[in-house]
Amino acid sequence: MKFLIVFVALFAVALAAPANDVTIVRSESDVGPENFSYAYETSDGTSAKQSGLLKNVGTEQEALAVQGSFKFVADDGVTYEITYVADENGFQPSGAHLPVAPEV
């Protein structure tokens, strides 16, 4: 859970960079006691969506499983997109521009 909070905070800071006249085009959220989801899109092409589910509720193996994606247009004009899963196995991002570790 701490990882998720830190990740979301860092993502929010990254998106807080100065922008000219950017508006929110779409914003949705649904938060429950054992799951959540949100999505948003801005007029500059930035978007994100994420959902999470509390697994094994009430047991010692209780864990939050999160999946999501975000995309943005960088200063070089290229749109970058990251999809990810964050669960008991750690944070697992993927994207066409990210390096892939060799298989062992």
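**Entry 1: the strands and how they pair**

I began with strand 1 and strand 2 (residues 35-42), and I found that they pair in the antiparallel sense over 7 bridges. Looking for one pair of residues in this pairing, I noted that Ile-24 has Thr-42 in strand 2 as its bridge partner. I should write down at once that this is a predicted model, and I read what follows with that in mind.

Then I stepped back to the whole chain, whose secondary structure comes to 1 helix and 6 strands, and which follows the pattern α-β-β-β-β-β-β when I read along the sequence. The 6 strands form an open sheet in the order 1-2-3-4-5-6, with antiparallel pairing. I looked up the edges next, and they are strand 1 (24-31) and strand 6, each of which pairs on one side only. From one strand to the next, the twist averages 10°. As a reminder to myself, strands of a sheet pair through backbone hydrogen bonds, and they do so either parallel or antiparallel.

**Entry 2: strand 5 and its two neighbours**

I followed strand 5 on both of its sides. Strand 4 (residues 63-73) is joined to strand 5 by 8 bridges, and the two run antiparallel, while 5 bridges join strand 5 to strand 6 (residues 90-94), again antiparallel. Thr-83 was a useful residue to follow, for it is the bridge partner of Ser-69 and it also stands opposite Ser-94 in strand 6.

I also looked at the turns. The hairpin of strand 4 and strand 5 has 5 residues between the strands, and in this hairpin Gly-77 takes a positive phi near 85°. The hairpin that joins strand 5 to strand 6 passes through 2 residues.

Which residues of strand 5 lie on its covered face, and which on its uncovered one? I listed Tyr-80, Ile-82, Tyr-84 and Ala-86 on the covered face, and Thr-79, Glu-81, Thr-83, Val-85 and Asp-87 on the uncovered one. This listing reminded me that in a regular strand the side chains alternate between the two faces of the sheet.

**Entry 3: the nonpolar core**

I looked up the largest nonpolar core and found 8 residues in all, namely Phe-36, Tyr-40, Ala-48, Val-66, Phe-70, Ile-82, Tyr-84 and Ala-86. Strand 2, strand 4 and strand 5 are the elements that give two or more residues to this core, and strand 5 supplies the largest share, 3 residues. In soluble globular proteins, nonpolar side chains tend to be buried together.

**Entry 4: two residues of strand 3**

Is Gln-50 buried or exposed? Gln-50 lies in strand 3 (residues 47-55), and I count Gln-50 as buried because its relative accessibility is 3%, where buried means under 20%. I then looked for a partner, and the side chain of Gln-50 makes a polar contact with the side chain of Tyr-84 at 2.5 Å; Tyr-84 is on the covered face of strand 5 and belongs to the largest nonpolar core.

Ser-47 also lies in strand 3, and with a relative accessible area of 15% I take Ser-47 as buried too. Leaving out residues up to four places away in sequence, Ser-47 touches Tyr-40, Glu-41, Ser-69, Phe-70 and Lys-71, and I recognised Tyr-40 and Phe-70 from the core.

**Entry 5: the chain as a whole**

Of the 104 residues of the chain, 21% count as buried. The chain exposes about 7,600 Å², of which carbon and sulfur atoms supply 57%. Among the contacts with a separation of 6 or more, residues 24 or more positions apart account for 20%.

Technical notes: Residues numbered from 1 in each chain as written. Predicted model: local features only at pLDDT ≥ 70, side-chain atom pairs only at ≥ 80, totals over all residues. Heavy atoms only, no water. Helix = DSSP H or I, 4+ residues; strand = E, 2+ residues; numbered from the N terminus. Buried < 20%, exposed > 50% of the residue type's maximum accessible area, 1.4 Å probe, protein only. Polar contact = N/O pair within 3.5 Å; in protein donor to acceptor, adjacent residues only side chain to side chain. Contact = heavy atoms within 4.5 Å. Pairing = 2+ DSSP bridges. Areas by Shrake-Rupley, 256 points an atom, 1.4 Å probe, with all protein chains shown as cover. Axes fitted to C-alpha atoms, helices over the stretch in contact; angles between N-to-C directions. Core = buried A, V, L, I, M, F, W, Y, C linked by side-chain atoms within 4.5 Å.
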